[in-house]
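Reader: Please take a close look at one part of this model for me: the internal cavities. I would like to know what lines them and how the lining ties in with the strands.

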Amino acid sequence: MKILVVGSGGREHALAWKLAQSPRVQLVYVAPGNGGTAQDERLRNVDITEPAALADFVEKEQIAFTLVGPEAPLAAGIVNLFRSRGLKIFGPTKEAAQLESSKDFAKAFMKRHAIPTAEYETFAAAAAHAYIDSKGAPIVIKADGLATGKGVVVAQTLEEAHTAVDMMLSDNKLGDAGARVVIEEFLAGEEASFIVMVDGKNVLPLASSQDHKRLLDADQGPNTGGMGAYSPAPIVTPQLHARVMREIILPTVRGMEKEGNRFTGFLYAGLMIDAQGNPKTLEFNCRMGDPETQPIMARLKGDYSKVVEQAIAGTLDTVELEWDRRTALGVVIAAHNYPDTPRKGDLISGIPAETADSVTFHAGTTLADGKLTTSGGRVLCVVGLADSVRSAQSAAYETINHISFDGMQYRHDIGYRAINRKHDAKTKAKGKH
């Protein structure tokens, strides 16, 4: 069979890489793909992004099914279009994708269905400033629409909060995405990514993971699309997993169906877990996370093409996933001046070949005349696999030591929370004896 993956990032490279491992799969097309997908003989880039043209391509090539990576085509209704033409596709409809494409829609939905989340109000005008003054800082300012991971400001001071609102509403820096802002209470705690596959009714959880949003070590610097992730996330205990399914995921799937927006596709709940272990929903995404997909796919065993087929057929209740027992840890290497205006065109060298404990996924890369260069903000995601978080971290950074391009930047502490948690637990245990 032939499969199409829509997108060009590290998430799409990881999904295509996993699907291509199936003995049933002849070829995975990636539209438009990147420099990494161009170098893999099992994958083929297709320079098409317009949904109707993609549907034409799928019909012409007799592609078995399409998997959508990024949020923009989903918000634009690619699933609606494909289904109207009788084509198999995994993802939410435009209406269901509002869980991600509108922060206001998502927050109002959570309120209606008593799904735990931060208190909030939505504003389209100057009243936002008075609300901020009444609530105080720290406080969270979010652009209502899609802003590619850059529409959230965690303001530590009132001045920062007012500046963020002006940037979104008055200065129009985020375009239509910032036409309205959602202002939320600040939640303290530890974040985790909880991603499931949904077939409209049945829910299949994927392995837990934890993302690192800030640019610099120790969670300093500006928010980014994500600088690294690891799986599994020790904070997601079996008890917490059950609670998230019961209080957040299942009420969301049932609530969407009840309101006439039956949800199919990946559902990603970004969680904040407080010191007492209580989870609240920071946001929903209607797709796999990036960079969470890279370590998750690196750990997934078995034929993933069969899993996606079952999801499209509505029979996820018959699927059991098998996971590599090892930890997978991915470190993002970003371009010079990311996340502001990343520099493009820097020559990349030294990426080692894939091994049993290391694989490098491409995102912002392009291949021309045999030369691999940077073409986006997040350039690569290097995944290490090992028996502990610390060892997986070492495997990833050992691979990074071989890679080179001008201006490359990355964090040196991906996985630090899990490592510190283990250290703290050992210290406590010693104290008991």
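**Cavities and the strands that meet them**

Author: Counting cavities of 30 Å³ or more gives two. The model is a predicted one, and everything below is computed from it.

Start with the largest cavity. It holds about 50 Å³ of space. Its lining is made up of Leu99, Lys103, Ala106, Lys107, Met110, Lys142, Glu184, Leu282, Glu283 and Phe284. By class, five of the lining residues are nonpolar, none is polar and five are charged. Two elements, helix 7 (103-112) and strand 17 (279-285), each give at least two residues to this lining. Helix 7 gives the largest share, with four residues.

The second largest cavity has a volume of about 40 Å³. The residues around it are Glu71, Leu74, Ala75, Ala97, Glu100, Ser101, Leu146 and Cys286. Here the division is five nonpolar, one polar and two charged. Helix 4 (71-75) and helix 6 (98-101) each supply at least two of the lining residues. The largest share, three residues, belongs to helix 4.

One residue of that second lining deserves a separate remark. Is Cys286 buried or exposed? Cys286 has a relative accessible area of 2%, and because the cut-off for buried is under 20%, Cys286 counts as buried. Cys381 is also buried, and its relative accessible area is 2%. As for bonds between cysteines, the structure has zero disulfides.

Now the strands that take part in the lining of the largest cavity. Strand 17 belongs to an open sheet of four strands, ordered 11-10-16-17, with antiparallel pairing. Strand 17 and strand 11 (203-205) are the edge strands of this sheet, each pairing on one side only. From one strand to the next, the twist averages 30°. Within the sheet, strand 10 (residues 190-199) and strand 16 (residues 264-273) run antiparallel and are joined by 10 bridges. As a register mark, Ser193 stands opposite Gly270 in strand 16.

Another lining residue leads to a second sheet. Glu184, one of the residues lining the largest cavity, is in strand 9, where it stands opposite Tyr120. Strand 9 (residues 181-185) runs antiparallel to strand 6, and four bridges join them. Both strands sit in an open sheet of four strands in the order 6-9-7-8, again with antiparallel pairing. Its edges are strand 6 (120-123) and strand 8 (152-155), each of which pairs on one side only. The twist in this sheet averages 20° from one strand to the next.

At the strand 8 edge, one residue can be followed further. Val152 lies in strand 8. Its relative accessibility is 23%, so it is classed as partly exposed; the cut-off for buried is under 20% and that for exposed is over 50%. The C-alpha atom of Val152 is 7.6 Å from that of Asn223, although 71 residues separate the two along the chain.

The second cysteine mentioned above leads to a third group of strands. Cys381, which is buried, has a number that falls within strand 24 (residues 378-386), and strand 24 runs antiparallel to strand 20 with eight bridges between them. In strand 24, Ala386 is the bridge partner of Thr327. Strand 20 also pairs with strand 15 (residues 228-231), in the antiparallel sense and over four bridges. There, Tyr230 has Leu329 of strand 20 as its bridge partner.

How many residues of strand 20 (residues 327-334) are buried? The count is eight of its eight residues, so by the cut-off of under 20% relative accessible area the strand is mostly covered. The cover applies to both faces: Thr327, Leu329, Val331 and Ile333 are buried on one side, and Ala328, Gly330, Val332 and Ala334 on the other.

To return to the cavities: the larger lining takes four residues from helix 7, and the lining of the second largest takes three from helix 4.

Note on methods: Residues numbered from 1 in each chain as written. Predicted model: local features only at pLDDT ≥ 70, side-chain atom pairs only at ≥ 80, totals over all residues. Heavy atoms only, no water. 1 Å grid on protein atoms, 1.4 Å probe; cavity = no way out; pocket = protein on both sides within 12 Å on 5 of 7 lines; lining within 4 Å. Points joined across faces, edges and corners; volume = space filled by probe spheres on them. Nonpolar A, V, L, I, M, F, W, Y, C, P; charged D, E, K, R; others polar. Disulfide = S-S within 2.5 Å. Buried < 20%, exposed > 50% of the residue type's maximum accessible area, 1.4 Å probe, protein only. Pairing = 2+ DSSP bridges. Axes fitted to C-alpha atoms, helices over the stretch in contact; angles between N-to-C directions.
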